[in-house]
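Okay, thanks for making time, everyone. I'll put the model up and then walk through a few parts of it.

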Amino acid sequence: RIEVQSAPGVGSTFTLRLPVSLAIIDCLEVHCAGEAYYLHLDYVEECLELPPTVVLKNGRGVMEHRNVAMPLLSLRHFFELETDEAACPHVVTVRRENGRAGIVVDAVIGRKQAVLKHLGRALGKVDGVLGGTVTEAGDMALVLDVPGLLQCALLTAQANNPSEKYHAPRAHR
């Protein structure tokens, strides 16, 4: 993908986005059920505490953010992790084609660089996952495909509830 930004009298910026095979990418490390996950920083906008008034049903919900309704997806529910929610869950707001979405996690750890490795032929393509990386502690963590994660969650929700009204975010490929 090629992005061009230009301002008269200022100059132009050209950004080339190449497919990742084995790359070092900037990520946000988050935790759910004691497991580390990495979100590509290109999609992350900000991190917030989940308001106590927001209720998630079947891993999904909606919260008002900057006077706009923002759909939420629980990472814990998406990966079918143990059901005990964190005492103070966080929302990572991410960009998508038609606005923002929020990914609910137990904890936000911070910015990290990750060496992305594909999962290999044995596992093949896993919806919502770009690949894996080794953490600073030597453990494995999944690097998530944010647009793919949102798309997969939406398709699953629509399959389970055909009256679903959210608009599908499109994956950037």
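Let's start on the outside. I2, V4, F14 and L16 make a nonpolar surface patch of about 470 Å². For patches, the rule takes residues with over 30% relative accessible area and no salt bridge, joining nonpolar side chains (Val, Leu, Ile, Met, Phe, Trp, Tyr) within 5 Å and like charges within 9 Å. A salt bridge here is a side-chain nitrogen of Lys or Arg within 4 Å of a carboxyl oxygen of Asp or Glu. The areas are Shrake-Rupley with a 1.4 Å probe, and for residues only the protein chains shown count as cover.

Where does the patch come from? β1 (2-7) and β2 (11-16) each supply at least two of its residues. Strands are DSSP runs of E, at least two residues, and helices are runs of H or I, at least four, numbered from the N terminus. L16 sits in β2, and with a relative accessibility of 61% L16 counts as exposed. The classes are buried for under 20% relative accessible area, exposed for over 50%, and partly exposed in between, with a 1.4 Å probe and protein chains only.

Quick word on provenance. This is a predicted model, so local features need pLDDT of at least 70 and side-chain atom pairs count only at pLDDT 80 or more, while totals for chains, interfaces and linings use all residues. Residues are numbered from 1 along each chain as its sequence is written, and side-chain values use heavy atoms, with hydrogens and water left out.

Now the sheets. One is an open sheet of five strands, in the order β10-β3-β4-β12-β11, with mixed pairing. Two strands count as paired if DSSP finds at least two bridges between them. At the edges are β10 and β11 (129-134), each with a single partner strand, so one side of each has no neighbour in the sheet. From one strand to the next the twist averages 35°; that's from lines fitted to C-alpha atoms, with angles from 0 to 180 degrees between N-to-C directions.

Let's walk across that sheet. β3 (residues 23-32) and β10 (residues 107-116) run antiparallel, joined by nine bridges, and I24 faces V115 in β10. On to β4 (residues 35-40): β3 pairs with β4 in the antiparallel sense over six bridges, with L28 opposite L39. Those two strands form a hairpin with two residues between them, and A33 in the turn has a positive phi of about 50°.

Next step over, the sense changes: β4 and β12 (residues 140-144) pair in the parallel sense, over three bridges. Y37 stands opposite L142 there, and please remember Y37. Then β11 and β12 are antiparallel again, with five bridges, and T133 is across from A141 in β12. That hairpin has five residues between the strands, and G138 takes a positive phi near 90°.

Back to Y37. Which residue does Y37 form a stacked aromatic pair with? By the ring rule (Phe, Tyr and Trp, the last by its six-membered ring, centres within 6.5 Å; stacked under 30 degrees between planes, edge-to-face over 60, tilted for the rest), there are two aromatic pairs. Y37 stacks with F79, at 5.2 Å centre to centre and 10° between the planes. That pair links distant parts of the chain, 42 residues apart: Y37 is in β4, and F79 is in the loop between α1 (75-78) and β8 (90-96). Y37 is buried, at 6% relative accessibility, whereas F79 is partly exposed at 21%. The other pair is F78 and F79, edge-to-face, with 5.0 Å between centres and 90° between planes. Put together, Y37, F78 and F79 form one aromatic cluster.

Last stop, another open sheet of five strands, ordered β5-β8-β9-β7-β6, also with mixed pairing. Here β5 (44-49) and β6 (60-65) are the edge strands, each with a single partner, so one side of each is left without a neighbour in the sheet. The twist averages 30° from one strand to the next. β6 pairs with β7 (residues 68-74) in the antiparallel sense over six bridges, and H65 stands opposite V68.

One more residue on that edge: R60 lies in β6 and is partly exposed, with a relative accessible area of 21%. R60 and V104 are 44 residues apart in sequence, and their C-alpha atoms are 9.1 Å apart in space. That's my tour, so over to you.
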